[in-house]
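Open your viewer, get a selection box ready and follow along. We'll hop from a loop to some rings, then zoom out.

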Amino acid sequence: MRIRIVDAFTDRPFAGNPAGVLLLDAFPDDDRLQRVALEVNHSETAFAHRLPPGGGADWALRWFTPATEVAMCGHATLATAHVLHTTGAHEGPVRFATRSGVLTATPREDGSVTLDFPTAPLTPVEAPAGVTEALGAEPLTVLDTGPNIRDLLVEVADEETVRALAPDFKALAAHSERGVIATAPAQDPARGYDYVSRCFFPNVGIDEDPVTGSAHTALAPFWSERLGRPDLTGLQASSRSGLVRTELRGGRTLLSGRAVTVIEGELLA
């Protein structure tokens, strides 16, 4: 069984968000999938197998963190599409059957891949008591992001505040089902991005995720409304960093980025 490690939302190795990718004949039992994801020990490991022709999707796709299965993952979907296209396992747009419905990944001539994901429904909420102390910054706006990603989206004062965050992860875990997305406008859009974010997911075993595609299904509608444009670029300012191009299309959000395979090997166990 081949296993690959792919850095997603980057055009160079050792940046972006690494994901494990395994192409299977069928899904084994959940316990085995979880054990493999724990062994890989990246934010997510993606497992995919080909579906019979003529249906509504081409491949079945599931994602596991080291601790649990998740309902949606952008960077591991991008990584899987990258593996399918670069190995010749699939040509052209690929439709993935997932827990979040059918998600499409389309390769572009420039080498990037565009994901078609459902736009997160944003609902303003009161800042939970204690979230300021847990996050380490005063929220300006707090929104619930709905059932697919299950985060709190928290706007803070500025890019410098986002970059300086040092949350209390144990305390932060009490304030959402998956985690917290902290965001602010870009200090200087001439640098090539319109907004900045960081993502903290202690409830699924990831204190800070390097680059989170699914979070941008909430960031895109939030910043598109603020900035008055459907097409934006977000910088996720983790230590590895990565850029996500977003295009808001009503109930769908297009997420575009590149990926690089950095390790390929064989799973022996």
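Start by selecting S241, in the loop between strand 15 (231-236) and strand 16 (242-249); strands here are DSSP runs of E with at least two residues, helices are runs of H or I with at least four, and both are numbered from the N terminus. Before you go on: this is a predicted model, where local features need pLDDT of at least 70, side-chain atom pairs count only at pLDDT 80 or more, and totals for chains, interfaces and linings use all residues. Residues are numbered from 1 along each chain as its sequence is written, and side-chain values use heavy atoms, leaving out hydrogens and water.

Back to S241: phi is near 65° there, a positive value in a residue other than glycine. Is S241 buried or exposed? Neither quite: with a relative accessibility of 24%, S241 counts as partly exposed (buried is under 20% relative accessible area, exposed over 50%, partly exposed in between, with a 1.4 Å probe and protein chains only).

Now jump to R150, in the loop that links strand 10 (141-144) to strand 11 (151-155). R150 also has a positive phi, near 60°, and is not a glycine.

Next, colour the aromatics. The whole structure holds four aromatic pairs, a pair being Phe, Tyr or Trp rings (the six-membered one for Trp) with centres within 6.5 Å; planes under 30 degrees apart are stacked, over 60 edge-to-face, and the rest tilted. Select F47 and F64: their ring centres are 5.8 Å apart and the planes sit at 80°, so this pair is edge-to-face. F47 belongs to strand 3 (residues 44-50) and F64 to strand 4 (residues 59-64), so the pair ties together parts 17 residues apart in sequence. F47 is buried at 1% relative accessibility, and F64 is buried too, at 3%.

Then pick F222 and W223. Their ring centres lie 4.9 Å apart with planes at 85°, so they are edge-to-face. Both F222 and W223 are buried. Add Y195 to the selection, and you have one aromatic cluster of Y195, F222 and W223.

Finally, zoom out to the whole protein chain. You should find six helices and 18 strands. Along the principal axes, the C-alpha atoms fill a box of roughly 50 × 35 × 30 Å. Of the 269 residues, 55% are buried. For contacts (heavy atoms within 4.5 Å) between residues at least 6 apart in sequence, 63% join residues at least 24 apart.
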